[in-house]
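Trainee: I should like to request a close look at a single helix of this protein, with the terms defined along the way.

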Amino acid sequence: MSRLSQAKLNTNDHNSVSVIQSQAHASASSSSLSATVAGLKQVPQLIPANPSAGGGKALPPSKMKKPSAEKDSDEYRQRRERNNLAVKKSRMRSKQKAMDTQQRVNELKEENERLEAKIKLLSKELSVLKDLFLEHAHNLADNVQPPTGADGTSPAPNNSSTNGQ
C-alpha cells in the first residue's frame with residue numbers, strides 16, 4: 001500500500017447518524033486498488049449527528065426525521081390516499097355520534113313532555129280526591145254533632161239509670 005486512506009465525518013445522512021467516509025488515495029502504479037476502492041464508502045456509525053443536542057440520548061424512531069417522499073411518487077400518493085380515507089372515516093364516525101346524540105336528546109325531550117303531562121294529570125286527580133275527602137270529612141263532622149231541641153237548646157240527657165225507680 002502506497003498511501004494511507006483519509007477519513008472524514010459527513011453528517012448528511014437521512015437518519016441523522018454520522019457516516020464515516022473513507023477516500024482512498026492510490027498512486028498511479030496501484031490502479032487495481034484504486035478501481036476496487038474507487039469512490040466513497042459509507043459506514044453507519046452509532047454517533048449522533050449533532051452531539052450537543054439530546055445529551056447523548058438516541059431519539060426514538062417516532063421522533064426521528066423521516067425522509068419525505070416526493071409528491072409525484074407512488075408511496076406519497078398511497079400515504080395521502082390512506083390518510084384521506086382515515087380522515088373521511090373519522091369524520092363519518094363523528095357525524096354519526098352527533099346524530100345519535102341528537103336522537104337521544106329528542107327521545108329524552110319527548111319522554112320529559114310525557115312525564116310532565118302525567119304529572120299534571122295526577123296533580124288534578126289528587127286535587128279532586130282531596131276535595132272529595134274534605135267534603136266527606138265535613139259531612140261526617142256534621143252527622144256527629146248532638147241533635148238540638150225544638151227550642152234550639154239541647155235536650156236534657158236521659159238519666160233513666162240514675163232515676164232511682
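Mentor: The following account begins with the whole chain and then turns to helix H2.

This is a predicted model, in which local features require pLDDT of at least 70 and side-chain atom pairs count only at pLDDT 80 or more, while totals for chains, interfaces and linings use all residues. Residues are numbered from 1 along each chain as its sequence is written, and side-chain values use heavy atoms, with hydrogens and water left out.

The protein comprises two helices and three strands, arranged from the N terminus as β-β-α-β-α; helices (H or I, at least four residues) and strands (E, at least two) are DSSP runs, numbered from the N terminus. Of its 165 residues, 4% are buried, where buried means under 20% relative accessible area, exposed means over 50%, and partly exposed lies in between (1.4 Å probe, protein chains only). The accessible surface amounts to about 15,300 Å², with 55% belonging to carbon and sulfur atoms; such areas come from the Shrake-Rupley method with a 1.4 Å probe, and for residues only the protein chains shown count as cover. Contact means heavy atoms within 4.5 Å, and among contacts between residues at least 6 apart in sequence, 32% join residues at least 24 apart.

Helix H2 spans residues 74–144. The count of salt bridges comes to two, a salt bridge being a side-chain nitrogen of Lys or Arg within 4 Å of a carboxyl oxygen of Asp or Glu. One joins arginine 77 to aspartate 74, with the closest N and O atoms 3.0 Å apart. These two residues are three apart in helix H2, so about one helical turn separates arginine 77 from aspartate 74. Arginine 77 is partly exposed at 46% relative accessibility, and aspartate 74 is exposed at 52%.

The other links glutamate 75 with arginine 79, where the closest N and O atoms are 2.7 Å apart. Because glutamate 75 and arginine 79 are four residues apart in helix H2, about one helical turn lies between them. Both are partly exposed, glutamate 75 at 45% and arginine 79 at 37%.

Surface patches consist of residues with over 30% relative accessible area and no salt bridge, like charges being joined within 9 Å and nonpolar side chains (Val, Leu, Ile, Met, Phe, Trp, Tyr) within 5 Å. Glu107, Glu110, Glu113 and Glu116 form a negative patch. Here Lys and Arg count as positive and Asp and Glu as negative, without His and the chain ends; a charge is placed at NZ of Lys, CZ of Arg, CG of Asp or CD of Glu. Glutamate 116 belongs to helix H2 and is partly exposed at 45%. Val128, Leu129 and Leu132 make a nonpolar patch of about 290 Å², and leucine 132 also lies in helix H2.
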